[in-house]
Amino acid sequence: MGYRVVVAGATGNVGREMLNILAEREFPVDEIAALASRKSLGTEVSFGDKTLKTKDLDTFDFTGWDIALFAVGSEATKSYAPKAAKAGCVVIDNSSLYRYDPEIPLVVPEVNAEAVDGYAKKNIIANPNCSTAQMVVALKPLHDRAKIKRVVVSTYQSVSGAGKEGIDELWDQTKGMYVPGQEVAPSKFTKQIAFNVIPHIDVFMEDGQTKEEWKMVAETKKILDKSIKVTATCVRVPVFVGHSEAVNIEFEEFLDEDEARDILREAPGVMVVDKRENGGYVTPVECVGDYATFVSRIRQDGTVENGLNLWCVSDNLRKGAALNAVQIAEVLGNRCLKKG
C-alpha cells in the first residue's frame, strides 16, 4: 500500500521537478494530485509517463491524503499549509515560512534525518534554503570528524533561484545585448543580470546582511550545530541552473586535505571531483539534472590554524529544493508513516 501524495505549485519550476523526482525515484505513490492557483487550473503536467491536470489549490480537500509537497511561496503556504496539516496530511514546505519555527523540523536527510520525528507537533516539515542545503551536505561529514568552528561562504547563485521570472530576465537581457531595440531593463533583479553579477539576494536587513545571507547562517545552525559561526555573502550570477559556493572552513582540530577528500568521497549525497588540472573540478553547467552535491578544489588554508577551502556545486532546483523535499518524504515514510 502506497501513499496519496499532493504537489502544490505543480506548474512552477520546483513543483515540476518534484513530480519528476517522485517518478524517477519510484516513490510509492498510490494516488497523486497536482495543485495550482486558479489561473493555472487545468494546466497539464507530467508525472513519469502520466499526464496530470492541475486542480484548484483553493478548493482542494486534503482529508485522506498522506503527504503534501508545497512549492507555492510563503504567502500561499501561510493560507493552505495549516489546512492540509489540520486535515491530517503532512506538509513538506519549500518556502521560508516555517524554517525558523522551533517546533517545526528543518531537514536535510543526509545531515539530520532523525529531526523528521518531530513532524507530529504541527504536521509540517520545512525544506531549507537551496544554498544552505548543498553546503551542509558537504559540511556534515567534516564536522563529525574535526568539529567546525567557523564557516565563511561566498555563493554564486543561478537565476532559477528567483523562479521563471529570473530565468526569463537573463534570457531576454542576453538577447537584448545583441539586438538593437530589444534591450530589457532590470525588473526581477535590482540591476542588469546579463554579463554581470549582483551581490544582493532578498531584502536588506538592518545590520547590512541580506535576508538570503541571514537564512544561510540561521539554517546552518539549526540543521548542523548552533555553535558554528557562519558568515555569508550571497551573489546572483548569470547562470540558468546550478548554485556554486566557495566555502572556507575553520576546525577545532587539524584536518588534512587528503583525509577530508577521503571523508567526502564516502559521504552520502556527495560526489568528489578534485583533480589539480585543467577541468578537474565541477561547474554549474555539469551538475544540472544530477542528484549529487559536487565538491572540488579541496585544499588547506594556511592563513588560519586549522583551515580548509572547498568549492561546492549543486542543481538548486533538485538538491536545493525538489530532491530534498522528496528525500524528506522518503525518510518520513520509512521512519514514521511506514505505508510504502
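Strand 13 (residues 293-301) and strand 14 (residues 307-314) run antiparallel and are joined by 7 bridges. To find one of these pairings, look at Gln300, whose bridge partner in strand 14 is Leu308. Keep in mind as you explore that this is a predicted model.

These two strands belong to an open sheet of 6 strands, and if you walk across it you meet them in the order 10-9-11-14-13-12. The pairing in this sheet is mixed. At the edges are strand 10 (229-236) and strand 12 (270-272), each of which pairs on one side only. From one strand to the next, the twist averages 25°.

Helices pack here too. Helix 4 (residues 130-146) lies across strand 9 (148-157), strand 11 (243-251), strand 12, strand 13 and strand 14, and it runs at about 30° to strand 11. Helix 7 (residues 257-266) also packs on the sheet, where it touches strand 12, strand 13 and strand 14. The direction of helix 7 makes about 165° with that of strand 13.

Helix 7 also takes part in a salt bridge. Its residue Glu257 is linked with Arg276, which sits in the loop between strand 12 and helix 8 (284-287). The closest N and O atoms of Glu257 and Arg276 are 3.0 Å apart. This pair links distant parts of the chain, 19 residues apart. Are the two partners buried or exposed? Glu257 counts as buried because its relative accessibility is 15%, under the 20% cut-off. Arg276 is exposed, with a relative accessible area of 62%.

Now let us turn to another open sheet. It is also made of 6 strands, this time in the order 5-2-1-6-7-8, and here the pairing is parallel. Its edge strands are strand 5 (55-56) and strand 8 (124-126), each pairing on one side only. Further in, strand 1 (residues 3-8) and strand 6 (residues 67-70) pair in the parallel sense over 4 bridges. One place to see this is Val7, whose bridge partner in strand 6 is Leu69. Helix 9 (residues 318-337) packs on this sheet and touches strand 1, strand 6, strand 7 (90-93) and strand 8. The direction of helix 9 makes about 160° with that of strand 6.

What ties the edge strand 5 to another part of the chain? Arg38 lies in the loop between strand 2 (29-36) and strand 3 (44-47), while Asp56 lies in strand 5, so their pairing ties together parts that are 18 residues apart in sequence. The side chains of Arg38 and Asp56 meet in a salt bridge at 2.8 Å, N to O. Arg38 counts as exposed at 51% relative accessibility, whereas Asp56 is buried, with a relative accessible area of 10%.

A salt bridge can also be found within a single helix. Asp168 and Lys164 both lie in helix 5 (residues 163-176), 4 residues apart, about one turn of the helix. Their side chains meet in a salt bridge of 2.7 Å, N to O. Asp168 is partly exposed at 30% relative accessible area, and Lys164 counts as exposed at 55%.

Finally, Glu17, Glu24 and Arg318 are linked in a network of salt bridges. Across the model, the count of salt bridges comes to 23.

Technical notes
Residues numbered from 1 in each chain as written. Predicted model: local features only at pLDDT ≥ 70, side-chain atom pairs only at ≥ 80, totals over all residues. Heavy atoms only, no water. Pairing = 2+ DSSP bridges. Contact = heavy atoms within 4.5 Å. Axes fitted to C-alpha atoms, helices over the stretch in contact; angles between N-to-C directions. Salt bridge = Lys/Arg side-chain N within 4 Å of Asp/Glu carboxyl O. Buried < 20%, exposed > 50% of the residue type's maximum accessible area, 1.4 Å probe, protein only.
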